[in-house]
Amino acid sequence: MPKVTRDDVARLAGTSTAVVSYVINNGPRPVAPATRERVLAAIAELGYRPNSVAQAMASRRTNLIGMVVPDARQPFFAELAHAVERAASERGKIVLIGNSDYTGDREIHYVRAFLGMRVSGLILISEGPSQRAEEEFAAHSDARVVLLHRRPDASDDIAVVTDDIGGSELAVDHLLRHHGHPYVACFGGPVNAPAPGDPVVDHIEGWRRAMDTAGIPTEGRLIDAPFDRYGAYQVALELLRAPEGERPRALFCSTDDQAIGVLRAAREVRLRVPEDLAVIGFDDIQEAAFCDPPLTTVASDRDAMAKAAVDLVLDDSLAVPGSETPRIRTFPSRLVVRRSCGC
């Protein structure tokens, strides 16, 4: 069958192609209700499907939102990306996802690709946008960029974040005061950890503050470990094989993935959790509740954060000078108590 065109719709509805465009795009000019009904009826009868690419060329904006994550294989990023996709769908948008693999070259590859597709906006989970990325943002100023999961460096950045420092303090204080541990060791990030503003850096800061408040030194108790469970497992094996008195009795992990690796290592070296080793993670991924023992962790409202990120991407009021819409949304953290801490 021949392809149905906008001209065919206009002919059947007894109107112009311009009016058909106004109905399809909901503007820029108003259409009388009766005329709108005729156009919609013609579209339904003919089975007309608008060319979304052509619409994007005309409007200079698509119904797409780009999202760059460090590694969608990690459960936290996978769950957060899914929440963003669901929130975007409720706004009639489609999400394109790219993995930066924690490298600047791959991040700029996706930033350029998505902005070149004229996405409505870009949601970026980054260790900190590079200078090249900032240049791309400036060149595509009509597409809004929202940082998610990381505190911004500049006051005019738009971001959605968790209270990472406060949440970490809650976790460490719980181990010190509620369970009476003499100190808490911390699984931080790798030696080449990112700059201030990154959540893991804030998790370490929260750990330091809780230890300082309790008057406990932190020197020698921050352990460099990869963010993922596999690398953390290898580091934990070496740490936990040390004789009793030389290994920690309580451990705060910057991510749940790290904590899951620690639980596996503890089982292999025949340490009981929580009797021999108390463990708390951060992120409250779904798997945390199904660990053995179930993992105590720090949670934030991922669904609310995802919705806020999508709303900020699409909120045109942010482009208005003096807008009262907050440019940075901070969501509180809460401690989710399960058995791995000793409760």
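Two strands are taken to pair if DSSP finds at least two bridges between them. In this predicted model, that condition is met by strand β6 (residues 185-187) and strand β8 (residues 250-253), which run parallel and are joined by three bridges.

**The chain as a whole**

The protein chain has 343 residues, of which 50% count as buried, and it contains 12 helices and 12 strands. Its accessible surface comes to about 16,900 Å², with 50% of that belonging to carbon and sulfur atoms. Among the contacts in the chain with a separation of 6 or more, 72% are accounted for by residues 24 or more positions apart.

**The open sheet around β6**

The pair β6 and β8 belongs to an open sheet of four strands, whose order is β7-β6-β8-β9 and whose pairing is parallel. Because β7 (222-223) and β9 (278-280) stand at the edges with a single partner strand each, one side of each is left without a neighbour in the sheet. Helix α10 (residues 229-240) packs on this sheet, where it touches β6 and β7, and its direction makes about 155 degrees with that of β6. Within the pairing of β6 with β8, Phe187 stands opposite Cys253 in β8.

**Strand β1 and its partners**

Strand β1 (residues 64-69) is mostly covered, six of its six residues being buried. In a regular strand the side chains alternate between the two faces of the sheet. Both faces of β1 are covered, with Leu64, Gly66 and Val68 buried on one side and Ile65, Met67 and Val69 buried on the other. The parallel pairings of β1, together with that of β6 and β8, are set out below.

| Strands | Bridges | Residues standing opposite |
|---|---|---|
| β1 and β2 (residues 94-99) | six bridges | Val69 and Asn99 |
| β1 and β3 (residues 121-124) | four bridges | Ile65 and Gly121 |
| β6 and β8 | three bridges | Phe187 and Cys253 |

The link from β1 to β2 involves helix α5 (residues 75-90), and the three elements make a right-handed β-α-β unit.

**The nonpolar cores**

The largest nonpolar core holds 74 residues, and of these Leu148 and Phe187 touch the most other members. When its neighbours within four places in sequence are left aside, Leu148 is in contact with Met67, Leu80, Val84, Ile123, Leu124, Ile125, Val160, Met305 and Ala309. Apart from the largest core lies another core, of 16 residues, which includes Val68, Leu124, Val145 and Leu147.

Definitions and conventions. Residues numbered from 1 in each chain as written. Predicted model: local features only at pLDDT ≥ 70, side-chain atom pairs only at ≥ 80, totals over all residues. Heavy atoms only, no water. Core = buried A, V, L, I, M, F, W, Y, C linked by side-chain atoms within 4.5 Å. Buried < 20%, exposed > 50% of the residue type's maximum accessible area, 1.4 Å probe, protein only. Contact = heavy atoms within 4.5 Å. Helix = DSSP H or I, 4+ residues; strand = E, 2+ residues; numbered from the N terminus. Axes fitted to C-alpha atoms, helices over the stretch in contact; angles between N-to-C directions. Right-handed = clockwise from strand over helix to strand, strands pointing away. Areas by Shrake-Rupley, 256 points an atom, 1.4 Å probe, with all protein chains shown as cover.
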